[in-house]
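The questions below concern a predicted model. They deal with contacts between parts and with the confidence of the prediction.

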Amino acid sequence: MAECEKITVQERLKDAAKSLGIPRLIIFGFLALLFVAALFLKLDIASLFSNVLTRLGMNGILVLAMVPTMQVGMGPNFGLPLGITCGLVAATLAIELNLVGWTAFVFALGVAIPLGGLAGYAYGLLLNKLKGEEMTVGTYFGFSIVSLMSIFWAMAPYKSPEMIWPYGGSGLRVTISLAGRYDKILDKFMSFSIGGIVIPTGLLLFFALCCFLMWVFMRTRTGIAMTVVGNNARFAESIGLNVNKNRLLGSTISGALGAVGIIIYSQSYGFLQLYQAPLFMAFFAVGSILIGGASINHALIRHVVIGTFLFQALLVTSLPVANLLVSENLSEVIRIIISNGIILYALSRKEQGGEAK
Amino acid sequence: MSQCILELRNIVKEYFGNRVLKGVSLRLNEGEIHALIGENGAGKSTLMNILFGMPVIHNTGGYEGEIFFQGNHVEIKTPHDAMESGIGMVHQEFMLLPGFTITENIKLNRETTRANVASQVFGPSMRSLDMPAMEADARAALDRLGLSLDETLKVAGLPVGYMQFVEIARELDKKTTKILVLDEPTAVLTESEADTLLTTMERLAKSGIAILFITHRLGEVMRVADNITVLRDGEWVASMPKSEASIEKLAELMVGRSLENVAHHRDLSGQGVDTFVEIRDLRVEMPGEEVRGIDLDIRKGEILGIGGLAGQGKIGIANGVMGHYASSGTVRKEGKEIPLNNTPVALAAGMAFVSEDRRGVGLLLDQSIELNIAVPAMQSQRQFLTGGSLGLTDNKSMRAHALDMIQKLDIRCTGPEQLTRRLSGGNQQKVCIAKALTLHPNLLFVSEPTRGIDIGAKKIVLDLLVKLNREWGVTVVVTSSELAELRSICDRIAIIYEGKVEGILAPDASDRDFGVLLAGGLKAAEKEAS
């Protein structure tokens with residue numbers, strides 16, 4: 001009897017490992033190794049854990065923004081900076097109107113969602129004319145939009161002294177503090193700590209809510225239609241679905257999520273970063289979801305959660321370890337090498353076709 | 001009797017255990033035009049690929065049998081070997097560089113060159129082109145074809161007929177060319193262009209070149225061929241001089257196969273059966289299967305077959321009616337006009353379509369069987385949904401329906417969750433049919449239902465179509481390249497030629513009648529022959 005149970009437990013573990021995929025097991029193994037190293041190097045493990053949790057909630061929604069475009073067959077949304085800048089516009093607007101606390105936060109979200117959605121829709125119109133080239137076009141479109149918005153930030157007619165350059169003149173600062181506005185408003189909501197590990201309850205709950213809504217949406221008739229379009233556009237047409245409309249819907253949702261994502265990110269970070277800051281954010285998000293096991297046209301919520309966790313955990317733990325082992329002066333260089341290394345690995349790991357059953 | 005230049009003896013070719021050539025022999029004499037005829041899949045192209053040493057042959061295990069060239073046993077392993085021994089091939093798809101001039105195309109990789117300073121230092125690859133000499137050669141080759149075309153023109157923008165001639169000129173310019181293989185050369189030509197080509201072929205043959213002429217246009221065969229060989233299902237059927245042949249005889253030889261069963265056949269015409277669907281002047285822009293003005297009536301409750309050779313437009317009909325390709329004309333179903341180019345409306349009108357492109361259009365290969373079956377009905381009829389206006393998928397009813405279909409259609413799988421990619425061709429086809437049935441159609445279009453399916457599964461799929469028709473009362477329109485299959489299940493068979501209905505026959509009509517319609521009709525054939 002006991003033996004029997006043992007086998008089933010073993011089989012269950014095997015099944016779990018199989019559905020997780022070998023690459024993720026390897027990364028988990030590497031991560032465990034890093035933690036052991038961190039222990040030996042006497043790093044503050046509790047703060048490492050808190051850091052990982054915070055960064056999971058902070059980046060999660062930007063990664064979630066990849067799901068609709070991937071499912072609908074446009075590939076990962078390399079044009080994410082478009083949605084991000086929309087979120088930044090909404091966030092700066094909240095400060096300009098001198099809103100504080102929850103009012104500011106909710107206002108920023110309320111503006112960000114329609115603005116990001118609208119921009120995503122327009123972006124979808126462009127991509128519908130460039131089917132098959134979405135990733136390359138998206139990358140350069142993202143770069144262009146960041147540069148274009150840099151001009152906007154420099155010329156925006158904002159008046160709030162918190163945002164314009166301290167010596168006066170026009171244009172916004174590169175980094176705007178959110179202190180006194182909605183700095184860490186979600187992180188601190190119902191936050192508590194166990195054994196030194198701080199749990200950012202509100203942040204994680206919000207991320208979970210977004211994931212749940214997306215999960216439900218992908219199971220509606222519309223969500224299934226999007227999946228069908230992404231799986232096989234000609235099949236979709238043959239059952240009377242409008243491929244372009246579904247693709248537009250995908251990029252609209254992705255744009256809105258990008259805008260929401262940056263507001264969540266910035267409240268946790270405590271600052272709004274303008275100008276060139278959004279330039280490479282798409283790559284982090286794309287790297288995360290791919291490392292989580294998504295393929296270019298097939299992304300699930302669990303890929304988002306696992307991927308964001310792995311990506312951020314690797315970043316958070318490998319940096320201090322590498323700093324101690326190599327040289328403290330090289331921290332910025334190492335950060336770039338590690339983060340781009342993870343992205344490169346993820347892109348090289350992209351799996352074609354769906355998961356085998 | 002002129003000398004035998006090429007002899008194929010007992011050629012056998014297998015692709016993955018599937019015998020496509022079963023001991024074909026052929027003799028080609030100097031200065032002779034030898035026509036090789038047969039339906040699609042008769043083995044004509046495979047035979048030519050062997051003769052020309054195409055890599056596809058040797059990558060799949062080579063061939064058995066012997067080839068003799070001017071009495072010597074030869075092994076043709078690469079297209080280069082074939083060229084060396086003097087076999088020139090004019091392909092169905094033009095192998096020309098559009099941005100190059102006619103001369104450059106003719107002389108490509110065989111350029112006449114002159115030494116210069118650079119070539120003295122760096123070797124022969126740096127020699128410069130002798131354009132005047134090349135142009136003179138090209139001129140000579142074109143003259144031989146009786147073509148007054150300027151050899152300095154670019155190929156891009158030439159009429160297709162001329163491209164064909166440039167290809168032939170290229171082969172002629174190779175001084176060693178003794179055999180010219182023309183693979184359906186008139187398929188893309190207009191009538192007058194085809195006429196010029198045939199005249200040219202006769203002239204070339206007189207100058208001593210042997211021509212192997214692959215076609216299915218019997219009129220052309222009767223006009224120019226000296227000898228004729230007929231292939232059917234990879235087997236040599238007959239060889240005869242033209243004097244012994246007639247269009248009817250060739251047609252019969254081309255088609256003739258033993259019919260398996262025609263038991264299903266019913267004659268519905270006498271029973272006052274209503275016209276169910278009326279198709280008038282349907283034109284469909286489907287590349288390679290263009291429909292050019294079809295008038296066709298579908299009777300209620302029948303199984304209508306649509307046959308014809310590849311590229312004649314039979315595949316385009318269902319694709320056009322269902323809105324998969326841009327089309328024009330009128331389609332009336334039970335008196336009500338169905339707008340074209342609108343798939344949702346076509347589906348709502350009770351029509352369903354099982355596409356000929358099973359893996360490309362018919363299936364979501366990376367999704368489960370149950371989702372594949374349910375999704376068309378879910379999207380167009382809101383079946384399998386719960387949660388009111390939110391429209392959440394109802395996994396329970398999807399599962400139940402999939403299990404029901406798996407049982408009814410006998411889909412062999414590990415369960416409704418299996419990915420369709422992992423099913424065999426026959427079972428994939430059953431999923432496609434289940435998917436169409438879930439829409440509860442009263443008219444079902446099925447294209448190439450047995451393509452790529454093994455023999456056992458073929459029968460099951462065909463029986464299934466008959467069962468749908470008889471027991472579920474679905475009117476079925478089957479489009480197929482396999483005439484035998486249509487003749488075994490259909491009540492009537494329409495044959496499509498050049499995008500139009502050439503004629504409608506009962507399945508038990510004679511082989512001769514079918515053959516003649518397939519090859520473009522008796523009248524047209526006679527006109528060409530005269």
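Q: How many salt bridges are there between domain 3 of chain B and domain 4 of chain B?
A: Domain 3 of chain B covers 260-350 + 441-507, and domain 4 covers 359-440. A salt bridge needs a side-chain nitrogen of Lys or Arg within 4 Å of a carboxyl oxygen of Asp or Glu. Between these two domains of chain B the count is zero.

Q: How many residue pairs are in polar contact across the interface of domain 3 of chain B and domain 4 of chain B?
A: The side of domain 3 of chain B that touches domain 4 has twelve nonpolar, four polar and two charged residues. Of the area buried between domain 3 and domain 4 of chain B, about 1200 Å², carbon and sulfur atoms give 79%. With both residues at pLDDT 80 or more, the number of pairs in polar contact between these domains is one.

Q: Which three residues supply 39% of the area that domain 3 of chain B buries against domain 4 of chain B?
A: In this interface, 18 residues of domain 3 of chain B are in contact with 13 residues of domain 4 of chain B. No other three residues of domain 3 supply more of its buried area than Pro441(B), Leu464(B) and Trp472(B).

Q: Which helix gives the largest share of the side of domain 3 of chain B that touches domain 4 of chain B?
A: The C-alpha centres of the two domains of chain B are 24 Å apart. Seven residues of the touching side of domain 3 come from one helix, residues 455-471 of chain B, which is H17.

Q: Which side chains meet in a salt bridge between chain A and chain B?
A: Chain A and chain B bury about 2200 Å² between them, with 58% of it on carbon and sulfur atoms. The count of salt bridges between the chains is one. Its N to O distance is 3.1 Å, and the side chains are those of Asp357(B) and Arg234(A).

Q: Which helix supplies the largest share of the side of chain A that touches chain B?
A: The contact takes 22 residues from chain A and 31 from chain B. Helices H9 (221-231) and H10 (233-238) of chain A each supply at least two residues of the chain A side. The largest share, six residues, comes from H9(A).

Q: Which element of chain B has the lowest mean pLDDT?
A: Chain B has a mean pLDDT of 83, and 92% of its residues reach 70 or more. Among its elements, strand S22 (residues 475-479) has the highest mean, 93. The lowest, 54, belongs to helix H20 (residues 522-529) of chain B.

Conventions:
Residues are numbered from 1 along each chain as its sequence is written. Chains are lettered from A and ligands numbered from 1 in the order in which they are written. Side-chain values use heavy atoms; hydrogens and water are left out. pLDDT is the predictor's confidence in each residue, from 0 to 100. Helices (H or I, at least four residues) and strands (E, at least two) are DSSP runs, numbered from the N terminus. Domain bounds come from an automatic or database domain assignment. Contact means heavy atoms within 4.5 Å. Buried area is the accessible area (1.4 Å probe) that two parts lose on being put together, summed over both. A polar contact is a pair of N or O atoms within 3.5 Å; within protein, one must be able to donate a hydrogen and the other to accept it, and residues adjacent in sequence count only if both atoms are side-chain atoms. Ala, Val, Leu, Ile, Met, Phe, Trp, Tyr, Cys and Pro count as nonpolar, Asp, Glu, Lys and Arg as charged, and the others, Gly among them, as polar.
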